[in-house]
Amino acid sequence: MIELIQTDITKLELDAIVNAANRSLLGGGGVDGAIHSAAGSELLDECKTLNGCDTGEAKITKAYKLAAKHVIHTVGPVWSGGNNNERDLLANCYINSLTLAKQYGLETIAFPNISTGVYHFPKQLAAETAITAVKEFQAEGGTHIKVLFVCFDDENYRIYEKFLGK
Ligand code: ADP
């Protein structure tokens with residue numbers, strides 16, 4: 001099951017929200033900054049124990065003061081023209097986050113529009129990549145995890161509406 005909403009991801013009461021982190025996992029701007037400030041400093045304390053995260057990989061923590069139960073931190077690729085495996089790396093973010101969610105028995109997960117902020121991944125291509133990866137995982141994994149695509153900006157919301165056929 002896939003749903004689309006336009007909201008602040010930090011407000012969601014789900015089994016997991018996904019953070020578009022950087023490789024240090026020590027916080028940043030955009031959605032990363034919003035998640036860390038809403039979760040409180042204990043999230044940073046736990047992230048410090050993780051030794052960072054490679055691009056396309058994912059790591060899970062508790063969610064502390066957030067309404068969600070867990071945060072899955074994944075590191076999107078920085079867009080650098082499209083010839084540096086950016087598309088596969090972005091797909092890996094979604095697949096590896098869902099794989100972790102499945103391992104932990106989670107049933108609901110929300111994704112932000114990974115890499116489409118300061119990492120400058122083209123929004124249409126990012127949406128297409130994200131939706132394809134999630135649908136493939138759901139088809140192959142035989143899981144019942146409910147996936148929410150959370151758009152913050154209007155442009156991403158309109159793109160997702162179009163691709164999801166709303
Ligand atoms: P990246 O470095 O992966 O590009 P950003 O945080 O800069 O990460 O942007 C990723 C996406 O997250 C952007 O589309 C941005 O609009 C969105 N975003 C920023 N703040 C929030 C929030 N509080 N909730 C959901 N999405 C957000």
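The exercises below, each with a worked solution, concern a predicted model.

**Exercise 1. Helix H4: length and surroundings**

Task: Determine how the end-to-end span of helix H4 compares with the span expected at 1.5 Å a residue, and state which elements cover its buried residues.

Solution. Step 1: Helix H4 comprises residues 123–141, which makes 19 residues. Step 2: The expected span of a helix is 1.5 Å times one less than its number of residues, so for H4 the expected value is 27 Å. Step 3: The end C-alpha atoms of H4 are 26 Å apart, which agrees with that expectation. Step 4: The buried residues of H4 are Ala126, Ala127, Thr129, Ala130, Ile131, Ala133, Val134, Phe137 and Gln138. Step 5: Their cover includes two helices, H3 (86–103) and H5 (154–163), together with strands E1 (2–6), E5 (108–111) and E6 (146–151).

**Exercise 2. The packing of H4 and H5**

Task: Classify the arrangement of H4 and H5 from the angle between their axes, and describe the residues that meet.

Solution. Step 1: The two axes come within 10 Å and cross at roughly 50°. Step 2: Angles under 35 degrees count as roughly parallel, and 65 to 115 as roughly perpendicular; H4 and H5 are therefore oblique to each other. Step 3: The crossing of H4 and H5 is right-handed. Step 4: On the side of H4, the contact is made by Lys123, Gln124, Ala126, Ala127, Glu128, Ala130 and Ile131, and on the side of H5 by Glu155, Asn156, Ile159, Tyr160, Lys162 and Phe163. Step 5: Sorted by class, the contact of H4 with H5 holds seven nonpolar, two polar and four charged residues.

**Exercise 3. The packing of H1 and H2, and the place of His36**

Task: Describe how helices H1 and H2 pack, and decide whether His36 is buried or exposed.

Solution. Step 1: The axes of H1 and H2 (residues 41–48) are 5 Å apart, and the helices pack at an angle of about 115°. Step 2: H1 and H2 are therefore roughly perpendicular to each other. Step 3: Ile35, His36 and Ala39 of H1 meet Leu43, Leu44 and Cys47 of H2. Step 4: This contact of H1 with H2 has five nonpolar residues, one polar residue and no charged residues. Step 5: His36, which lies in helix H1, has a relative accessible area of 12% and is buried. Step 6: Apart from its neighbours within four places in sequence, His36 is in contact with Asn19, Leu25, Gly27, Leu43, Leu44 and Cys47.

**Exercise 4. Positive phi values**

Task: Consider Leu25 and Tyr64, give the phi of each residue, and determine how far each is accessible.

Solution. Step 1: Most residues other than glycine have a negative phi. Step 2: Leu25 has a positive phi, near 60°, and Tyr64 likewise has a positive phi of about 50°. Step 3: Leu25 is located in the loop between strand E2 (16–21) and helix H1 (30–39), while Tyr64 is located in the loop between strand E3 (58–62) and strand E4 (70–75). Step 4: Buried means under 20% relative accessible area. Leu25, at 1%, therefore counts as buried, whereas Tyr64, at 25%, is partly exposed. Step 5: A positive phi is also found at Gly105, which follows H3 and has a value near 70°.

**Exercise 5. Residues far apart in sequence**

Task: For Ile72 and Thr10, relate separation in sequence to distance in space, and list the contacts of each residue.

Solution. Step 1: Ile72 belongs to strand E4 and, at 0% relative accessibility, counts as buried. Step 2: Ile72 and Asn96 stand 24 residues apart in sequence, with their C-alpha atoms 9.6 Å apart. Step 3: Beyond residues up to four places away in sequence, Ile72 touches several others, including Val18, Ile60, Ser97, Leu100, Ala101 and Ile109. Of these, Ser97, Leu100 and Ala101 are listed among the buried residues of H3. Step 4: Thr10 is in the loop between E1 and E2; its relative accessible area is 9%, and it is buried. Step 5: Thr10 and Val71 are 61 residues apart in sequence, with a C-alpha to C-alpha distance of 10.0 Å. Step 6: With neighbours within four places in sequence left aside, Thr10 is in contact with Ile17, Ala34, Ile35, Ala38 and Leu66.

Definitions and conventions. Residues are numbered from 1 along each chain as its sequence is written. This is a predicted model: local features need pLDDT of at least 70, side-chain atom pairs count only at pLDDT 80 or more; totals for chains, interfaces and linings use all residues. Side-chain values use heavy atoms; hydrogens and water are left out. Helices (H or I, at least four residues) and strands (E, at least two) are DSSP runs, numbered from the N terminus. Buried means under 20% relative accessible area, exposed over 50%, partly exposed in between (1.4 Å probe, protein chains only). Contact means heavy atoms within 4.5 Å. Axes are lines fitted to C-alpha atoms, for helices over the stretch in contact, and angles run from 0 to 180 degrees between N-to-C directions. Angles under 35 degrees count as roughly parallel, over 145 as roughly antiparallel, 65 to 115 as roughly perpendicular and the rest as oblique. A crossing is left-handed if the near helix is turned anticlockwise from the far one by less than a right angle, and right-handed if clockwise. Ala, Val, Leu, Ile, Met, Phe, Trp, Tyr, Cys and Pro count as nonpolar, Asp, Glu, Lys and Arg as charged, and the others, Gly among them, as polar.
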